[in-house]
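Here's a quick tour of a protein chain for anyone new to reading structures. Have a look at the picture first, then work through the notes below.

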Amino acid sequence: MTGLLDFVKMKSHGNPLTVDRYLRTIKRFLGWLGSRKLSMEAVNEYRDVLSSKYADNSLIPICTALNLLMEHRGVSFRFKSPGKVVNPNPKLVTEAEYQAILVRIAKPDERLVVRLMHDSLLRPSDLASLRRDELDLSGKFAYIRKRTRKAGVNTESMLAPDTADELKAYLATHEGDYLFPSPERVNAPRHPTWPNKVLMAHGATGISPRTFRRTGATAWPEDVRSLMAQGGWSSVQTIMTHYRRNQEDRHAAAFSKAMNVKMDEPDDVPGYG
């Protein structure tokens, strides 16, 4: 029989971050299970433990990982995974909030990573692991060009001139392959969640890297392919379902244009006008 590690790699398309997260989740469960028999009763008990600690959306990948263990063990029972909860009106970052965060940050690396979150729309794991050779500052526009760690997408993440200037100044005073080197390990990047911790440390309540991604996706015009290249998305459906706000207003505006029908005007729909 295939070993658990190889089985998880095969079932999760081999993404190293996903494999590592799934294996840690499985290890925690097996530690909790101890010497007890793997049974439906034990699965239901642990599912209740998880439900008391995690929101539904956080439970989905946990159940996915644990069900890989169930499949590998050849048992018929599974962890019941909740349905995806989509917030109909998620938070967006205003320009005033963004500028207020920058004002509060003194450390160059922390300030730069916030600028990169705002401009590039990339995931925190991709920003924390940025290398010098993934930056293109040679032309008219500044780009991050890298293969994303989660989706394996080649990005064309353009940066604003102010961010590009700050990036160049930072590079002039910092050496090494990684833009944000780990303070604990040699020749290694920061932890994938370091950008999240930077935001929390500077009082950005309710704002995460995902909030920046959502804000950019909502404000982006209707060229979704360029948005995918900017933020490293691999699926149009993911953007439309989980990142673009004002779906009903966008639909109404598109319907109005297509059918030449006068509709009640939505209030400032990003991407239209």
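Let's start with two charged residues on the inside: Arg190 and Asp109 are both buried. Their side chains meet in a salt bridge, with N and O 3.5 Å apart. Keep in mind that this is a predicted model.

**The Arg190–Asp109 pair**
- This salt bridge ties together distant parts of the chain, as Arg190 and Asp109 are 81 residues apart.
- Arg190 sits in the loop between H8 and H9, while Asp109 belongs to helix H6.

**Other salt bridges**
- How many salt bridges does a search of the whole structure find? The count comes to 11.
- Side chains of opposite charge can pair when their charged atoms come close.
- Lys91 and Glu97 make one such bridge, at 2.8 Å from N to O.
- Lys91 is partly exposed, with a relative accessible area of 30%, and Glu97 is also partly exposed, at 26%.
- Arg145 and Glu156 form another bridge, and their closest N and O atoms are 2.9 Å apart.
- Both Arg145 and Glu156 lie in the loop between S2 and S3, 11 residues apart.
- Arg145 has a relative accessible area of 33%, so it counts as partly exposed; Glu156, at 34%, is partly exposed too.
- Arg111, Arg115 and Glu166 join up in a network of salt bridges.

**A buried arginine with no partner**
- Arg47 is part of helix H3, which covers residues 40-53.
- What is the nearest side chain of opposite charge to Arg47? That's Asp56, but it is 5.5 Å away. A salt bridge needs the nitrogen and oxygen within 4 Å, so Arg47 is buried without having one.
- Leaving aside neighbours within four places in sequence, Arg47 touches Leu59, Cys63, Phe79, Lys80, Ser81 and Pro82.

**The nonpolar cores**
- In soluble globular proteins, nonpolar side chains tend to be buried together.
- Here, the largest nonpolar core has 29 residues, and Val114, Leu116, Leu179 and Phe212 have the most contacts inside it.
- Helices H5, H6, H8 and H9 and strand S2 each supply at least two residues of this core.
- Which element gives the largest share of this core? It's H6, with five residues.
- Beyond its neighbours within four places in sequence, Val114 is in contact with Tyr98, Ile101, Leu102, Ile105, Val198, Leu199 and Phe212.
- Apart from this core lies another one of 22 residues, including Phe7, Val8, Leu38 and Leu69.

Methods:
Residues numbered from 1 in each chain as written. Predicted model: local features only at pLDDT ≥ 70, side-chain atom pairs only at ≥ 80, totals over all residues. Heavy atoms only, no water. Helix = DSSP H or I, 4+ residues; strand = E, 2+ residues; numbered from the N terminus. Buried < 20%, exposed > 50% of the residue type's maximum accessible area, 1.4 Å probe, protein only. Lys, Arg positive; Asp, Glu negative; His and termini not counted. Contact = heavy atoms within 4.5 Å. Core = buried A, V, L, I, M, F, W, Y, C linked by side-chain atoms within 4.5 Å.
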